[in-house]
Amino acid sequence: MGNTFSPSNDVSVHCLASGSSGNSMLIQCGSTNILIDAGLSLRTISPQFSKHGVNISGLSAILITHEHSDHTSGLGPIARKSRAPVVSNTATLQACAARDELSYDCEELSTGETREIGCFTVRSFSVSHDAVEPVGWILESGNTKIVYATDTGYCSVELQSALSKADLIILEANHDLDWLQRGPYTHEMKARVASETGHLSNKACADAVSKRLEEDGPSTIWLAHLSRVNNSPSLARRSVQAGIRANTKVPFALDVALRDHPSVFWQAGRQAVQLSLM
Ligand SMILES: [Zn+2]
Ligand SMILES: [Zn+2]
C-alpha cells in the first residue's frame, strides 16, 4: 500500500533534539513519517514517536545528513526496529554502516537528486563540514517547503539557494563568535568550529536568513544545533533577531530548537498566525 496524498497543510515538524548531544527531527504528512537524523537512542525516541501518534514501524524513511555520532548514534537500532530505509549518499551510508556490526535497509540517493517518499519530494544538497559527504535536506509537499541545514562552516551559494521560498527554515546557529573566542575550548577546537568545514555562527545564520527574507518574503526560522558552551538559546534568539532586523524589514517568525529534549513544533497552516504575532 502506498501513501495517499494529503493536502500540504497537513505537514508538521517536531524537533526531538538539536545539538551536539543528539539531532532528530520528525516530519509528518498524512501517513508519511520521515526522520531527519537519528542521533537519539531507540529507547529515547520510541516514546516521543508514540506521543505524536507514530508507531516505530510506521516510519517511512530516515534521512541522514552526515555520519557524526550526534546525528547517527541511534541509527542502527532505529532502522532495524522500524525497517524504514536509511536514505543518504553512498559515502555517508558507507561511513555509517562501517560503525555497525548489524545491517539495515539503505537507499542510496546521490547528493542533489530527488526522490518521492510518501507525500514528500525530498532532495539533498551539499554543505561544508568535516564529514565524508555532508548534506542538508529539502522536503516539499504540495506548496509547503521545509529546509534543514546544520553542521556547515559557512552558507554556500548552494545552501543559500536551497533556502529560496522555504516556509520553514531549520538552520544552524551554533555559536556566538565572541563566546567561542573567549570560551574554554582549546585553540584547535576553536579553529575547527570557526573553520569553513565547522559550524555556522549566529551572525552567518542571520545574514543567510536576511538574504532569503529579502528575496522571497516572510518565513519561519528555527535556530538549530546550538552549542552548549559557545551559545545559549536566549543569546542565539537575541543575536539572530537583531542581525535580521538590521538587514531587512520583512516579517519573520523565529524559534529556537533546544538541545536535550523535544521543543519546537511547526504546522504548515499555522505559519500566517505565527508571522502575524511578530
Ligand atoms: Zn552535529
Ligand atoms: Zn557534524
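**Exercise 1. Determine what share of the contacts in the protein chain with a separation of 6 or more comes from residues 24 or more positions apart, and describe the chain as a whole.**

Solution. Two residues are in contact if their C-beta atoms, placed from the backbone, lie within 7 Å. Under this criterion, residues 24 or more positions apart account for 66% of the contacts in the protein chain with a separation of 6 or more. The model is a predicted one, in which local features need pLDDT of at least 70 and side-chain atom pairs count only at pLDDT 80 or more, while totals for chains, interfaces and linings use all residues. Residues are numbered from 1 along each chain as its sequence is written, and chains are lettered from A and ligands numbered from 1 in the order in which they are written.

The next step concerns overall dimensions. For 278 residues, a compact globule would have a radius of gyration near 19 Å, and the 18 Å of the protein chain agrees with this; the radius is taken over C-alpha atoms, and the globule rule is 2.2 Å times the number of residues to the power 0.38. The C-alpha trace spans about 50 × 45 × 30 Å along its principal axes.

As to confidence, pLDDT is the predictor's confidence in each residue, from 0 to 100. Its mean over the protein chain is 93, and 94% of the residues reach 70 or more. Over residues 1-7, however, the pLDDT is below 50, and this stretch has twelve contacts in the model beyond near neighbours in sequence. Where pLDDT is low, the predicted coordinates should not be read in detail.

**Exercise 2. Establish the strand order of the open sheet that contains strand 14, and find which strands stand at its edges.**

Solution. Helices (H or I, at least four residues) and strands (E, at least two) are DSSP runs, numbered from the N terminus, and the protein chain has ten helices and 14 strands. Two strands pair if DSSP finds at least two bridges between them. In this open sheet seven strands follow the order 6-5-4-3-2-1-14, with mixed pairing. Strand 6 (106-108) and strand 14 (265-267) each have a single partner strand, so one side of each is left without a neighbour in the sheet. The twist from one strand to the next averages 20°, where axes are lines fitted to C-alpha atoms, for helices over the stretch in contact, and angles run from 0 to 180 degrees between N-to-C directions.

At the strand 14 edge, strand 1 (residues 12-17) pairs with strand 14 in the antiparallel sense over three bridges, and W266 is the bridge partner of V13.

**Exercise 3. Work out how helix 8 and helix 9 are placed against the strands of the other open sheet.**

Solution. This open sheet has seven strands in the order 7-8-9-10-11-12-13, again with mixed pairing. Its edge strands, strand 7 (114-117) and strand 13 (252-256), each pair on one side only. Within the sheet, strand 11 and strand 12 (residues 219-224) run parallel and are joined by five bridges, with I169 opposite I221. Helix 8 lies across strand 11, strand 12 and strand 13, running at about 160° to strand 11. Helix 9 (residues 233-247) packs on the sheet by touching strand 12 and strand 13, and its direction makes about 160° with that of strand 13.

The largest nonpolar core (a set of buried Ala, Val, Leu, Ile, Met, Phe, Trp, Tyr and Cys residues joined through C-beta atoms within 7 Å) has 77 residues, and C205 and L223 are among those with the most contacts inside it. Helix 8 (residues 202-216) supplies the largest share of this core, six residues. Among the residues that C205 touches, leaving aside those up to four places away in sequence, are L171, L223 and V240.

**Exercise 4. Decide whether H175, D37 and K165 are buried or partly exposed, and locate each of them.**

Solution. A residue is buried if 20 or more other C-beta atoms, placed from the backbone, lie within 10 Å of its own, exposed if 12 or fewer, and partly exposed in between. H175, in the loop between strand 11 (168-172) and helix 6 (177-182), is buried because it has 30 such neighbours inside 10 Å. Beyond residues up to four places away in sequence, H175 touches residues including H199, S227 and N230.

D37 lies in the loop between strand 3 (32-36) and helix 1 and, with 28 C-beta neighbours inside 10 Å, counts as buried; its phi is positive, about 70°, although it is not a glycine. K165, in the loop between helix 5 (157-162) and strand 11, has 14 C-beta neighbours inside 10 Å and therefore counts as partly exposed. The phi of K165 is also positive, near 65°.
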